[in-house]
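Work through the following exercises with the model at hand, setting out the convention behind each value before using the value itself.

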Amino acid sequence: MTTNKLNLPDLGLGLGLRSQHFNHILEQQPEVDWFEVISENFMDSFGRPRHVLKQIVERYPVVMHGVSLSIGNTDPLDFDYLKKLKALADEMNPAWVSDHLCWTGVLTTNSHDLLPVPLNEESLKHVCDRINIVQDYLQRPLVIENPSTYASFRHSTIPEWEFLSSMTEETDCGLLLDVNNVYVSSFNNDFDPVEYLEGIPFDRVVQMHLAGHQNCGNYIIDTHDREVTKHVWELFRLAWQRTGGTSTLLEWDGNIPAFDVYHAELLKAKEFMSGDFNGIKSVEEEDQVVEAVSNPIHFMVSETRDQLEV
Amino acid sequence: MAESTNIPLSSFQQWMQQMLLDPHGQTEVDPMQVLPGAFQGGGLESVINDSKRLPAREHLAIYQRSYIARLRDCMAKQFSALEYALGEELFCGFADNYLELYPSSSYNLMNLGAHFADYLEDTRPDKDDPLKEEWPDFMIELARFEYATLIIFEEQADEDFVLAGDQTPEEELRLIPVFYAFYFQFPIRWFYSEFVNGNKPGMPYAQDTFCAVVRRNYKLALFDLNPGQYYFLNYLKEGGSVSEAKQLLCKNQGFDSGKLEEVWPVWKEKWIEQGFFRVDS
Ligand SMILES: [Fe+2]
């Protein structure tokens, strides 16, 4: 079934593929609708991660989600990166390829953060031009996610939802609507998350993200390290109704729990989809004092040691 | 003034990046310099909005703290044995300084630690002293080895080979595609294995050691070697056959050929069992 203009399928409820769960997935073949993989963790990998991924794409639909395209960057597009991204996409045949509305660093430096783009006419044109080039190169539509932001700029003149709307119109790209990011950004930058959703062109939304965050009192950090909060579920419910059903994925990148716990948190989405959310237990916001890192690194490394015979 | 002035996207990005890389303004670079004239002499408040709950400075500080914390965390993951050996505080000091000197320029975080061992070598405290202390040598060697294991784990190689067995004719024995023999000035293999096994090894004394790192079925395994075995296996790795490697070992390393014929059957049996060999096809 498809309800978006890009004719991309509704894959159902998916999970992020994490190396901690590789063995469980290969051995148990759990009933998960689909997996999202971080492209950069596999593009240059020719060892076990890619070997595992090859087995997973045989059994499950997969979507590739990137963090280094840097579509808002003023350095030239990195065609070495795009070449490897395309090679991985050609090999894995994902349902689509996504990345974020952000920049990651200039003058060849990479901050490995998803940095916020000032939203104005100049940046809109810049981003659209680059999306068009990338779509031409990859020979497939690009899906762009709204990032969590922690600052807004005096020279921003376009609200984010309007920016995304114009961007999709100009380029025919898809949207990955992260409702947790909408909530985090709205809290940090004083806008109304419901007004944000009202402005989203839902016929362009091909995927949604859910995730947990950390409330630090006077700001919120997008930590992806815990359960989804009540506010975010509420936004999800609203957005779900507007999309008429779309592929939905739960991100979890820090304190990654056992597979079944991760899956159970995802399946809570069903209650919000059916509107029967009164009976479900969701967590309230809780103020935390521990300093957290924004935009978790999504980087797999520990596997080398986990897979070591010493 | 700044209120109505736009900032070109490229200037803005250079400004913000400089604010992340040098949050305390320790370098000569004045980030405001890249902004249009109307911003000169102004503060970051002329670029970033205050919000209801936070002043502009605090908004930027979230990005500044996260930038270094994220990369530090990644360094600690890539060099976890070294972090243990140095202690968290000292490791963090080295990592921060390294990241200042070598900011990441790759889209792949895997490459973050690529120059770390070289950096440790270049900045060792006794670099110009004729008499060197031992501990920096150990740390540098450990850093190099830890990073090497990450690269070997991800290396592109054929994994569809047939492992040799007892019956494989000697002339058909070849090393498996992912095989490395290392020489160390310290018992690095021992230290690393102890650490990975959750033990708390102390810093070992200097001692020449040798080890093999093999990858089979996408998993790594480590094995101790003696000096003769190290040279022999490296000759094999260069592409030679068993008989060629034997000749080179005797010719170049002065290994006694009679003794070699005695130990070879023992080596062969053990290495076939440990999966060092595939069948030449
Ligand atoms: Fe997301």
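Lys and Arg count as positive and Asp and Glu as negative, while His and the chain ends are not counted; the place of a charge is taken as NZ of Lys, CZ of Arg, CG of Asp or CD of Glu. This is a predicted model, in which local features need pLDDT of at least 70 and side-chain atom pairs count only at pLDDT 80 or more, whereas totals for chains, interfaces and linings use all residues. Residues are numbered from 1 along each chain as its sequence is written, chains are lettered from A in the order in which they are written, and side-chain values use heavy atoms, without hydrogens and water.

**Exercise 1.** Determine how far apart the mean positions of the positive and negative charges of chain B are.

Solution. Chain B has 24 positive and 44 negative charges. Their mean positions are 4 Å apart.

**Exercise 2.** Decide whether chain B is more spread out than a compact globule or not.

Solution. Begin with the elements: chain B holds 10 helices and 5 strands (DSSP runs, H or I of at least four residues and E of at least two, numbered from the N terminus). Its radius of gyration, taken over C-alpha atoms, is 26 Å, well over the 19 Å that the globule rule (2.2 Å times the number of residues to the power 0.38) gives for 281 residues, so chain B is more spread out than a compact globule. Along the principal axes, its C-alpha trace spans about 90 × 45 × 35 Å.

**Exercise 3.** Classify A:H21 as buried or exposed, and locate it.

Solution. A:H21 lies in the loop between β1 (13–16) and α1 (22–28) of chain A. Its relative accessibility is 4%, so A:H21 counts as buried (under 20% relative accessible area, with exposed over 50% and partly exposed in between, using a 1.4 Å probe and protein chains only). Beyond its neighbours within four places in sequence, its contacts (heavy atoms within 4.5 Å) include A:I256, A:F259 and A:Y262.
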